[in-house]
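User: Please take a close look at a single part of this model, one residue and its surroundings, and then set it beside some of the helices.

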Amino acid sequence: MPRMEGGRIVAKKTAGSAKLPACDQRAPILASLRSRKMARSIHTYTRGSAEHFYAWLADHRSGTVPDGPAIWIGGDCHLGNLGPVASKTGEVAVQIRDLDQSVIGNPVHDVLRLGFSLATAARSSDLPGIITWRMIEALVDGYEQAFDSRRRDELSHMQRPHEVQIAMKAALHRSWRKLDRQTIMNTAPHIPLGKRFWPLSERERSAILTLFETAPVSTIGAALSRTAHCDAGMKVLDAAFWVKGCSSLGRRRYAVMLDIDDACSDGHPPYLIDIKEATAAKAPKYPGVRMPGDAAQRVLEGARHVSPMLGSRMCAARLDGRAVVMRELMPQDLKLEAERLSEADAVKVARYLALVIGRAHAAQMDDATQRAWRAELRRQRPKTLDAPSWLWKSIIELMAAHEQAYLEHCRRHVLGKAVR
């Protein structure tokens, strides 16, 4: 069990914990971990190199892709950033689950990012090129469906693809005692230090304690599934640095076990809080639009518009002078694992996820804007093809550029050189 000494958390010792890196030793280890993860496949490489995607967008002149209405977009809608998300009441739906790059921008960028991610997943799954083409056709059809009043409700009746069904089933039937290694709940209320969780520095411990001791419960309560009284006391049971994600490796990420109003003594499980540093968005935004200047507030606002089930469970805060986003981790929150796609499900996955993104976009538009946007998308589509040439050509260019960058990344990783 962790204990408090002088108002600070002393984490429970675990086997090999003495060898875990200290705060000032993390950077090179995290850089190596990130490099190794990105070298696994072209698909994992593109997940961790969004800056190359944004650079490609910046290099292409206006008119290369359609200009949609200015709305909140996910900004980084690759496959790993979509998946089952739970509401406070336990309802589960597939939504965008990572809003770090959310901005007010061109909705086409989400479509293109998803299409590119699907193409790299097909490439890593050794699927033939004709399947990739059919996936892009399905992507366009699914996205446009969200703006068609006659078809937009089909998502609730649409049979989920096999990969999505597996994730949803796992999400709906998980409990705190059956979480896999993505999460950290244990029969004892402590965070086991090891591969995924590293010890905090004294400064980090103090900052986390200060955050929860000084912040009003009403503010933190936005991230909680159980209602807490405004005068309830918050107690940090344990906390650790969280080695998680690919693109987020290197940023501050913490897992915190929290007790409110001494509920754990009555048999209630502790709250498991994810604290993630928010940084400036690299995704291109529309010029002249107004967004929150604070990075955490921007992420929160984007989540509320794009993924309202997730956004309702998040709050923005400051930790040691840095903008952070907090949310309660719930057993239903899962990402889709699409490292291996089958031919049978690849096209269905493309249509389904495109409809998910389309519905997130459509919810921000009135009927007239939806009709106009759908008409513009259809105008860009050739009469003899089911996918617009701008989308297919863009994906081909992105694949070629990223394949070259991926192979260079692998060479540098093997040689142990710094990877830019």
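Analyst: In this predicted model, Q101 lies in the loop that runs between strand β5 (92–96) and strand β6 (103–105). Although it belongs to a loop, Q101 is buried, because its relative accessible area is 14% and the cut-off for a buried residue is under 20%. The side chain of Q101 reaches the backbone nitrogen of A283 at 3.0 Å, and A283 is also among the residues that Q101 touches, if those up to four places away in sequence are not counted. The other residues in that list are Y54, G74, G75, D76, A281, K282 and R298.

One of these contacts, Y54, leads to helix α3, which covers residues 50–59 and in which Y54 is buried together with A50, F53, W56 and L57. Seen down the axis of α3, these buried residues fall within an arc of 155 degrees, so they line one face of the helix. The face turned away from that buried side carries the exposed residues A58 and D59, while the buried residues of α3 pack against α2 (42–47), α4 (108–124) and α13 (389–415).

Another helix that can be described in this way is α7, which spans residues 202–214 and has 13 residues. From its first C-alpha to its last, α7 reaches 18 Å, close to the 18 Å expected at 1.5 Å a residue. The buried residues of α7 are E204, R205, A207, I208, L209, L211 and F212.

Definitions and conventions:
Residues are numbered from 1 along each chain as its sequence is written. This is a predicted model: local features need pLDDT of at least 70, side-chain atom pairs count only at pLDDT 80 or more; totals for chains, interfaces and linings use all residues. Side-chain values use heavy atoms; hydrogens and water are left out. Helices (H or I, at least four residues) and strands (E, at least two) are DSSP runs, numbered from the N terminus. Buried means under 20% relative accessible area, exposed over 50%, partly exposed in between (1.4 Å probe, protein chains only). A polar contact is a pair of N or O atoms within 3.5 Å; within protein, one must be able to donate a hydrogen and the other to accept it, and residues adjacent in sequence count only if both atoms are side-chain atoms. Contact means heavy atoms within 4.5 Å. The arc is that of the directions from the helix axis to the C-beta atoms. The expected span of a helix is 1.5 Å times one less than its number of residues.
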